[in-house]
Amino acid sequence: MLKIAFHPIYKHPLPEGHRFPMEKYDLLPKQLLHEGTCEDENFFQPDLIDESLILRAHTAAYVDKLKNLDLSKKEIRVSGFPLSQELVDREQIIAQGTIDACKYALEYGVSMNIAGGTHHAFSDRAEAFCLLNDQAIAARYLQDQNLAQKILIVDLDVHQGNGTAEIFQNDESVFTFSMHGKGNYPFRKETSDLDIEIEDGTGDKAYLRQLKEVLPELIERTQPDFIFYLCGVDILATDKLGRLSCTIKGCKERDRFVLQTCHDLQIPVECSMGGGYSKEIKYIIEAHANTYRAAQQIYF
């Protein structure tokens, strides 16, 4: 069964006019249930994560700041969200959801988190709507529990996974691959193990050709026993922050290809949703829903 992490806290209240589309975390599960892609039993509700697990990817000083709501005004501004205890709880629950999803992926081949993909969270700071790096925390958990040793992070969000790159910059056991917009945020990029920069305006054909050339060879070379897939839908032409020109169909083919590749090679994969900022929420929901539809069709 496709198991999906979801908690009502994912939809966090934000000030009116805030540019982050928080409502997608409420609408996406409803859409999947409405259309019959998923049923209630597909979803599970994660709890707060143990602090010791966070400390495997983040510094003690930073975790203490979060725990005590002690970020400076500048740090709060860079995070993109007003700081509150509920927000910190939300981030911890999302991270635990990704860990739990990994366990299900080991059992069923694939699992999902309705939220997550918080790849701008560095070891020692928050950035761009990301306070805790869920996939980095989960990668450490898998290794610590001897559930996986060689891990590949496939980050196809339109923005570089700069926080993830920083966390694993000196770690050969976790290979970070980010395929992102060249002219897009972050404007000062980190160095992943493999960065592929995509020009503004690139559409489906060129984007998919690049991905299909690179991913199978990369998996063959790195020989991972677990894959994290960050499947942001901000590659769409409709996206306010994206700058690429991919269609809903192209984004769907991207997800199908990645998941089919993982399935065929029998490598467990955990999917966190990442970004999506189209002006009309229907495009975000449809693109995200396609990821779940693909997982159901390929695996179940």
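**Chatting through the sheet, a histidine and a surface patch**

Author: Let's start at the N terminus: Met-1 sits in the segment before strand E1 (3-5). Keep in mind that this is a predicted model.

Reader: OK. Is Met-1 buried, exposed or partly exposed?

Author: Met-1 is partly exposed, because its relative accessible area is 41%, which falls between the 20% and 50% cut-offs.

Reader: And which residues make the nonpolar surface patch with Met-1?

Author: Tyr-108 and Phe-300 join Met-1 there, and the patch comes to about 280 Å².

Reader: Switching to the sheet. What's the strand order?

Author: The order is E2-E1-E3-E8-E7-E4-E5-E6, an open sheet of eight strands with parallel pairing.

Reader: Which strands stand at the edges?

Author: Strand E2 (43-44) and strand E6 (194-198). Each has a single partner strand, so one side of each has no neighbour in the sheet.

Reader: Let's go to E7. What does E7 pair with on the E4 side, and over how many bridges?

Author: E7 pairs with strand E4 (residues 151-155) in the parallel sense, over five bridges. One pair to look at is Ile-151, whose bridge partner in E7 is Phe-226.

Reader: How many bridges to E8?

Author: Four bridges join E7 to strand E8 (residues 269-272), and those two also run parallel. In E8, Tyr-229 has Cys-271 as its bridge partner, while Leu-230 stands opposite Ser-272.

Reader: Which way do the E7 side chains point?

Author: Phe-226, Phe-228 and Leu-230 point one way, and Ile-227 and Tyr-229 point the other way. That fits the usual picture, in which side chains of a regular strand alternate between the two faces of the sheet.

Reader: Why call E7 largely enclosed?

Author: Because five of the five residues in E7 (residues 226-230) are buried, the rest of the structure largely encloses the strand.

Reader: New topic: His-120. Where is His-120 found?

Author: His-120 is in the loop between strand E3 (110-113) and helix H6 (134-144).

Reader: Buried or exposed?

Author: His-120 is buried: the relative accessible area is 4%, and the cut-off for buried is under 20%.

Reader: What's around His-120, leaving aside neighbours within four places in sequence?

Author: With those left out, His-120 is in contact with Glu-127, Ala-128, Cys-130, His-159, Gln-160, Asn-162, Gly-163, Tyr-185 and Pro-186.

Reader: Which backbone oxygen lies 3.5 Å from a polar atom of the His-120 side chain?

Author: The backbone oxygen of Gln-160. Gln-160 is also one of the residues in that contact list.

Conventions. Residues are numbered from 1 along each chain as its sequence is written. This is a predicted model: local features need pLDDT of at least 70, side-chain atom pairs count only at pLDDT 80 or more; totals for chains, interfaces and linings use all residues. Side-chain values use heavy atoms; hydrogens and water are left out. Patches are made of residues with over 30% relative accessible area and no salt bridge: like charges are joined within 9 Å, nonpolar side chains (Val, Leu, Ile, Met, Phe, Trp, Tyr) within 5 Å. Accessible areas come from the Shrake-Rupley method with a 1.4 Å probe; for residues, only the protein chains shown count as cover. A salt bridge is a side-chain nitrogen of Lys or Arg within 4 Å of a carboxyl oxygen of Asp or Glu. Buried means under 20% relative accessible area, exposed over 50%, partly exposed in between (1.4 Å probe, protein chains only). A polar contact is a pair of N or O atoms within 3.5 Å; within protein, one must be able to donate a hydrogen and the other to accept it, and residues adjacent in sequence count only if both atoms are side-chain atoms. Contact means heavy atoms within 4.5 Å. Two strands pair if DSSP finds at least two bridges between them.
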